[in-house]
Amino acid sequence: YTLRDFYINPKFIVSMTDNDKLNSLHQTKAVIKDLIETRFTRLSIAYGTHGATHYDILGPPEQHLAKIRGE
């Protein structure tokens, strides 16, 4: 795994939800070594006229929403 910056135009966000699969897996065994408590988000981005692209990102949806809103 690698952590990197991720920039997205907020107008293209279709949805942000808890990533239940990664959250459950991380509770059993750390997905990222030495990362104790965290949550993961499933981010869906509009991709042209053909649907959406999905990204798994570190941090809860509330945290990302607050950043988008400038809080």
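**Close-up views of a predicted model**

**View 1. M16 and the strand pairing around this residue.** In this view M16 stands opposite L43 of β2. Strands β1 and β2 (residues 40-46) run antiparallel and are joined by 5 bridges; strands count as paired if DSSP finds at least two bridges between them. Strands (E, at least two residues) and helices (H or I, at least four) are DSSP runs numbered from the N terminus. The model is predicted: local features need pLDDT of at least 70 and side-chain atom pairs pLDDT 80 or more, whereas totals for chains, interfaces and linings use all residues. Residues are numbered from 1 along each chain as its sequence is written, and side-chain values use heavy atoms, without hydrogens or water.

**View 2. The open sheet and its helices.** The sheet has 3 strands in the order β1-β2-β3, with antiparallel pairing. Its edge strands, β1 and β3 (52-58), each pair on one side only. Neighbouring strands are turned by 20° against each other on average, direction ignored. Helix α1 (residues 20-28) packs on the sheet and touches β1, β2 and β3 (contact: heavy atoms within 4.5 Å). The direction of α1 makes about 160° with that of β2; axes are lines fitted to C-alpha atoms, for helices over the stretch in contact, and angles between N-to-C directions run from 0 to 180 degrees. Helix α2 (residues 61-69) lies across β1, β2 and β3, at about 145° to β1.

**View 3. F6 in the segment before β1.** F6 is found in the segment that precedes β1 (13-18). This residue is partly exposed, at a relative accessible area of 35% (buried is under 20%, exposed over 50%, partly exposed in between; 1.4 Å probe, protein chains only).
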